[in-house]
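User: I would like a close look at a single part of this structure, set out as one connected account.

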Amino acid sequence: MNVQFKKGALELCVLVMIASRDQYGYELAQNISNKIQIAEGTLYPLLRRLTKEEYLTTYFAASTEGPSRKYYSITPEGRIYKETLIQDWNMFTSAVTELIEEENKIE
Amino acid sequence: MNKDQFMYKLAKQLSKLPEKDRKELLYDYEEHFDTGMMKGHSEEELARQLGDPRRIGKDLLAEYRLERAQVEKSVKHILQAIFATMSVSFLNLILVLGPAIGVISLYIGLCSMAIGLAITPFLFIGSMFIGTVEPFFINLFISITLGSGGLLMGSALFFVGKWLYKLTLSYIRFNIRIVKGESAV
């Protein structure tokens, strides 16, 4: 997929996935890279920024397999921000789809 | 590349940061490796999926500098944020360096002008001793007018400076968000 698409969409994907349930970094990286090819290392600076902007919070929880893990959870502000991003995304994608369809009709 | 090599390269990009902050930034990657290895993946495989550590390090550094510049407002911090953002990629360099040089030199120019104007009354007093202030009143009033103009301009520039600081931060943030990692993502 085109790189420009991915950059904008990554933030949205992260928020949507954490909104559905709290996740730790590795888990989130796996869930995203199952669908979209990304360099997983770029997720952490993004998670850090979203946390600093108070869209996400973190907490540590023990795991059954070993040491405790840092979990990310969405805040009320994060949910609002996520909704705006979804709206923007929908508006953008439907506009692009419309344009493509119009062009196809002309051809 | 194994875990140690990855972590070493990443840490190298962050070598200028205080120990505590560096450890905090590196923690996420430690945890990533530990979890992945527990799930049966090799260090090499995990490092490959994470991407280029030098690049990630630059991203982290830029984020960190921005946070600092927002929390502790100072010329040093904003300059560090500007430099860290510029080094993320060539495109960032172009998009940040140009406006930064333009805006900073314009601001410095205006500040020196304000200082120049503000000191004209002192120049007037100074030249009184040398004896070249004729016509006296015209020169007196001109110097007072210019001097107060300089002071007004100076205090206006103080607020412009604060505003520019905020503007610069949001521009850098925008720049990082849009341009960041064209090869990394």
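How many residues does the contact take from chain B and from chain A?

Analyst: This is a predicted model, in which local features need pLDDT of at least 70 and side-chain atom pairs count only at pLDDT 80 or more, while totals for chains, interfaces and linings use all residues. Residues are numbered from 1 along each chain as its sequence is written, and chains are lettered from A and ligands numbered from 1 in the order in which they are written.

The contact takes 21 residues from chain B and 22 residues from chain A; two residues are in contact if their C-beta atoms, placed from the backbone, lie within 7 Å. On the side of chain B that touches chain A, the elements giving two or more residues are helix 2 (19–38), helix 3 (43–50) and helix 4 (53–71) of chain B. Helices here are DSSP runs (H or I, at least four residues), numbered from the N terminus. Helix 2 of chain B gives the most to this side, with eight residues.

Helix 4 of chain B also gives the most to the largest nonpolar core, with seven residues. That core has 42 residues, and those with the most contacts inside it are Val14(A), Leu47(A), Leu56(A) and Ala81(B). Such a core is a set of buried Ala, Val, Leu, Ile, Met, Phe, Trp, Tyr and Cys residues joined through C-beta atoms within 7 Å, where buried requires 20 or more other C-beta atoms within 10 Å of the residue's own. Leaving aside its neighbours within four places in sequence, Val14(A) is in contact with Leu28(A), Leu46(A), Leu47(A) and Leu50(A).

Within chain B, helix 1 passes helix 4 in a right-handed crossing, that is, with the near helix turned clockwise from the far one by less than a right angle.

Key: Buried ≥ 20, exposed ≤ 12 C-beta atoms within 10 Å, placed from the backbone.
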